[in-house]
Every structure is written in structure tokens, then in C-alpha cells.
Amino acid sequence: MSTKDFVEKDYYKVLGVPKDATDAEVKKAYRKLAREYHPDANKGDAKAEERFKEISEANDVLGDPKKRKEYDEARALFGSGGFRAGPGGAGGNFNFDLGDLFGGAPGGGQTAGAGGFGGGGGGGLGDVFGGLFNRGGAGTRVQPRRGQDIESEVTLSFTEAVDGATVPLRMSSQAPCKACSGTGDKNGTPRVCPTCVGTGQVSRGSGGGFSLTDPCVDCKGRGLIAQDPCDVCKGSGRAKSARTMQVRIPAGVSDGQRIRLRGKGSPGERGGPAGDLYVVVHVDAHPVFGRKGDNLTVTVPVTFPEAALGGEVKVPTLGGPPVTLKLPAGTPNGRTMRARGKGAVRKDGTRGDLLVTVEVSVPTDLGADAQDALEAYRKATAGEDPRAELFQAAKGA
Ligand SMILES: [Zn+2]
Ligand SMILES: [Zn+2]
């Protein structure tokens with residue numbers, strides 16, 4: 001099941017329950033509908049069968065508290081459609097839907113430890129602090145702070161890089177402390193830091209007509225100080241959260257490429273946006289195929305008669321059936337030919353080519369017949385000097 005499914009399918013609607021329905025209500029709604037649309041009770045009714053499948057699917061997710069939580073999170077994150085990975089950093093430019101990237105996360109249930117990644121945490125904090133400072137007011141504004149970017153690495157096999165792959169990515173990041181809702185205060189009522197008056201920053205004059213700002217030391221840049229520090233996070237408001245995400249790496253990535261997943265880094269503070277996640281991709285070499293942009297490369301041995309007289313040569317492709325290449329008579333060693341559409345997948349879904357380089361192989365143990373034939377060939381071509389031109393050119397220079 002993909003995240004796309006999650007975003008597009010409204011399982012609550014399918015079961016006819018409100019979003020805040022209890023587990024018991026979900027179960028009850030499912031049982032009622034399942035009885036009604038069960039294939040045994042609707043023999044030959046394709047529509048009922050379809051509906052029954054939908055109902056089962058919805059129950060698979062909503063009936064499992066863990067999956068339901070992930071479903072709700074996925075919808076909250078992706079439902080708006082506003083998330084789109086922008087141009088990448090140093091590595092390259094990639095634009096693709098996050099929906100594609102996070103295939104399968106909910107089904108596998110890979111969340112380890114406390115979740116709270118991205119989205120929800122930031123919004124919640126914004127509410128908490130928004131309320132706080134609207135009351136305390138007096139012109140003090142606490143700026144929202146963007147979450148940190150996270151960098152991670154992944155190693156793909158050659159084939160995975162060509163075809164695209166969904167890979168688990170384990171990351172630790174900072175999430176709001178659950179015990180104090182990220183406020184750092186036992187009672188959820190931190191006060192504004194007097195040193196920086198809530199900005200989290202102090203300026204230091206540089207004398208050059210401009211000033212530099214440093215994070216406030218007293219509140220560690222948070223703008224808030226716990227009155228009664230939370231025992232769990234010691235007043236920091238942050239908790240370490242480890243999580244394994246299923247990340248969809250698009251087809252056609254190359255070794256060393258850096259992919260940016262917007263909004264998948266650490267959550268922001270005070271309603272600030274989440275940071276980004278950068279994934280540096282490493283690609284293992286393939287024993288046979290190489291890569292040149294969208295094209296794949298392969299070197300294919302041919303016999304001297306095949307090269308000299310021409311012939312049909314079978315060439316392996318990556319993950320597909322072999323293709324047959326027609327060698328014209330007199331194909332020189334090292335010539336590269338093109339098998340169209342047998343290369344790597346491009347961003348638009350089309351494929352590059354397979355560049356086939358022929359390599360004339362020289363036999364090392366000849367049978368008697370072959371030896372005789374070659375001796376006859378030597379005699380027949382005795383008048384030809386393949387190095388005549390070489391020596392001519394050497395003299396000229
Ligand atoms: Zn401060
Ligand atoms: Zn805490």
C-alpha cells in the first residue's frame with residue numbers, strides 16, 4: 001500500500017465513521033458493513049465484491065491502532081498536496097512527489113520508538129506558544145524556528161539505482177518532548193526568557209555598522225525558560241526520536257547524488273516548518289554493466305569472423321531479455337553500438353540506451369581445424385601490411 005493510497009483513500013468515509021471514532025466504533029461499523037457486502041451474501045454482484053474489498057482494506061488500517069496513527073499522519077502531511085521536493089542541493093536537481101518517495105511506510109510499520117516526526121509536532125507547539133504569547137504579549141514576538149536539516153546516506157545496488165527502490169532509512173532526530181509537549185516545563189507554562197525577551201537571540205555589536213546575533217545562552221536559543229523543568233527532558237523541551245522511514249529513491253539516481261526531501265528533517269519550533277532530509281546515494285558497481293547518464297554500457301566479446309564477416313550477436317540487458325545486435329561486416333574492435341531504450345529510466349519514464357562496445361576476442365587454444373584455417377587465412381592475406389600506414393605516419397612526423 002502506498003502513501004498515495006493513503007492520501008487518496010478516505011477510509012473513514014468508507015466505513016462511515018468520524019475521524020475521532022473509537023476503536024470499538026470502527027470495529028462495529030466494519031462488522032455491519034462486512035456482513036452487508038460479504039461475497040457469500042451477494043453472489044455474483046461485482047459491485048458488492050468491490051465494496052467488500054474497500055471495507056476490508058479500510059478496516060485493515062483503521063482497525064489497527066498503529067496503522068491508523070500512521071494513516072492519520074500521512075494524511076495530515078500529504079493530504080494538503082503542498083509538499084513537493086524542490087531542487088536538490090549540491091548533488092543534482094530532482095523534482096518529484098513526496099508521495100512517490102514514501103511508499104509503503106504505513107504497511108510495514110517501521111516506526112521505532114517515539115514518532116512525532118515533522119508535521120504534527122511543529123503545529124502543536126505553535127499552538128502552545130501562540131496562545132502563551134498572545135496572552136503575555138506586550139509586543140514581544142517569538143519567532144518560529146525552522147527544524148534542523150538531517151543528512152543521511154544510503155547504498156543501493158546498481159540495479160536498484162537504475163530501477164528505483166524503496167529503502168529503509170534509520171534516523172535519529174529531535175522531536176518535541178512528549179511529557180511536556182515540548183515546552184520544557186513540567187506544567188506546560190514556561191516563561192519568556194528575560195535575557196533575549198523571547199527572541200532566542202542576542203545581538204552583539206561588531207563595530208562595523210552591523211550587528212551579529214548569537215543564540216541566547218540563558219535559554220539556549222529557545223526564547224523560553226522552564227519555571228519548573230520537565231523531568232524527562234531536563235527543560236530542553238526536546239526528545240531524541242529514532243525512526244526508520246521507508247524512503248522511495250526514484251529511478252535513475254547516480255552515485256554521489258544528494259536527494260532532498262523537503263520537510264522530512266527535524267520538526268520546527270513554535271510553528272516553524274520542519275527541516276529537510278538530505279539523502280546521499282551511493283551506488284555499488286555492477287560486474288557487467290556500467291552507467292553513463294541515462295545510458296547503460298556493456299562490453300561484448302565477439303569473434304574475429306563475427307567482426308570481419310558480420311553476424312548477429314546476442315547482448316545481455318539489465319533485468320530484461322537479451323537483445324540481438326546486427327554486426328555489419330568489417331566492424332572494428334572497440335566500436336560502440338546502440339540498443340535503443342535498453343538503458344536507465346529517465347525522470348520522464350522513458351529509457352536511455354544500452355551502449356554496446358564490441359571487443360574482438362583472441363582465442364588462446366585453437367583446435368587443429370581452426371589452426372589450419374587460420375594458417376590458410378594468413379597465407380591468403382600475406383600481401384597485406386596492417387602497419388604500413390603507421391610507419392608512414394611515424395616518418396612524416
Ligand atoms: Zn534567551
Ligand atoms: Zn519535557
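This briefing walks through two zinc sites, two sheets, one helix and a few loop residues of the structure above. The model is predicted, so keep in mind that local features need pLDDT of at least 70 and side-chain atom pairs count only at pLDDT 80 or more, while totals for chains, interfaces and linings use all residues. Residues are numbered from 1 along each chain as its sequence is written, chains are lettered from A and ligands numbered from 1 in the order in which they are written, and side-chain values use heavy atoms, with hydrogens and water left out.

**Zinc ion (ligand 2)**

- Four cysteine sulfurs serve as protein donors here: Cys177 (SG), Cys180 (SG), Cys230 (SG) and Cys233 (SG), at 2.2 to 2.3 Å from the ion. Donors are N, O and S atoms within 2.8 Å of the metal (3.2 Å for Na, K and Ca), and sites may look incomplete, as water is not among the atoms.
- The arrangement is tetrahedral because the angles subtended by the four donor atoms run from 104 to 116°; four donors earn that label if all angles lie between 85 and 135 degrees.
- Along the chain, the donors follow the spacing C-x2-C-x49-C-x2-C.
- Cys230 and Cys233 are both buried (under 20% relative accessible area; exposed is over 50% and partly exposed in between, with a 1.4 Å probe and protein chains only).

**Zinc ion (ligand 1)**

- Cys193 (SG), Cys196 (SG), Cys216 (SG) and Cys219 (SG) coordinate this ion at 2.2 to 2.3 Å.
- Its site is tetrahedral too, with angles of 103 to 114° among the four donor atoms, and the donor residues are spaced C-x2-C-x19-C-x2-C in sequence.
- Cys196 sits in the loop between S3 and strand S4 (201-205), and Cys216 in the loop between strand S5 (211-215) and strand S6 (224-225), so this pair ties together parts that are 20 residues apart in sequence. Helices (H or I, at least four residues) and strands (E, at least two) are DSSP runs, numbered from the N terminus.
- Cys196 and Cys216 are buried.

**Sheet S1-S9-S8**

- Three strands make up this open sheet, in the order S1-S9-S8 and with mixed pairing; two strands pair if DSSP finds at least two bridges between them.
- At the edges are strand S1 (150-156) and strand S8 (258-261), each pairing on one side only.
- From one strand to the next the twist averages 25° (axes are lines fitted to C-alpha atoms, for helices over the stretch in contact, and angles run from 0 to 180 degrees between N-to-C directions).
- S1 and strand S9 (residues 277-283) are parallel partners over seven bridges, and Glu153 has Val280 as its bridge partner in S9.
- In a regular strand the side chains alternate between the two faces of the sheet. The covered face of S1 holds Ile150, Ser152, Val154 and Leu156, and the uncovered face Glu151, Glu153 and Thr155.

**Sheet S10-S11-S15-S14**

- This open sheet has four strands in the order S10-S11-S15-S14, again with mixed pairing.
- Strand S10 (290-292) and strand S14 (336-339) are at the edges with a single partner strand each, so one side of each has no neighbour in the sheet.
- Neighbouring strands are turned by 35° against each other on average, direction ignored.
- Strand S11 (residues 295-302) and strand S15 (residues 354-360) pair in the parallel sense over seven bridges, with Val360 in S15 as the bridge partner of Val302.

**Helix H4**

- The 17 residues of H4 (residues 46-62) should span 24 Å at 1.5 Å a residue, and the end C-alpha atoms are indeed 24 Å apart; the expected span is 1.5 Å times one less than the number of residues.
- Buried residues of H4 include Phe52, Ile55, Val61 and Leu62.
- At the helix start, a side-chain oxygen of Asp45 comes to within 3.1 Å of the backbone nitrogen of Lys47.

**Loop residues**

- Ser181, in the loop between strand S2 (165-176) and strand S3 (191-192), is partly exposed, with a relative accessible area of 44%.
- Thr317 lies between strand S12 (311-315) and strand S13 (323-327) in a loop and is buried at 11% relative accessible area.
- Gln257 belongs to the loop between strand S7 (238-249) and S8 and is buried, with a relative accessible area of 9%. Gln257 and Val280 are 23 residues apart in sequence, yet 5.8 Å apart from C-alpha to C-alpha.

Terms used. Four donors count as tetrahedral if all angles lie between 85 and 135 degrees; four count as square planar and six as octahedral if opposite donors are over 155 degrees apart and all others between 65 and 115; anything else is irregular. A polar contact is a pair of N or O atoms within 3.5 Å; within protein, one must be able to donate a hydrogen and the other to accept it, and residues adjacent in sequence count only if both atoms are side-chain atoms.
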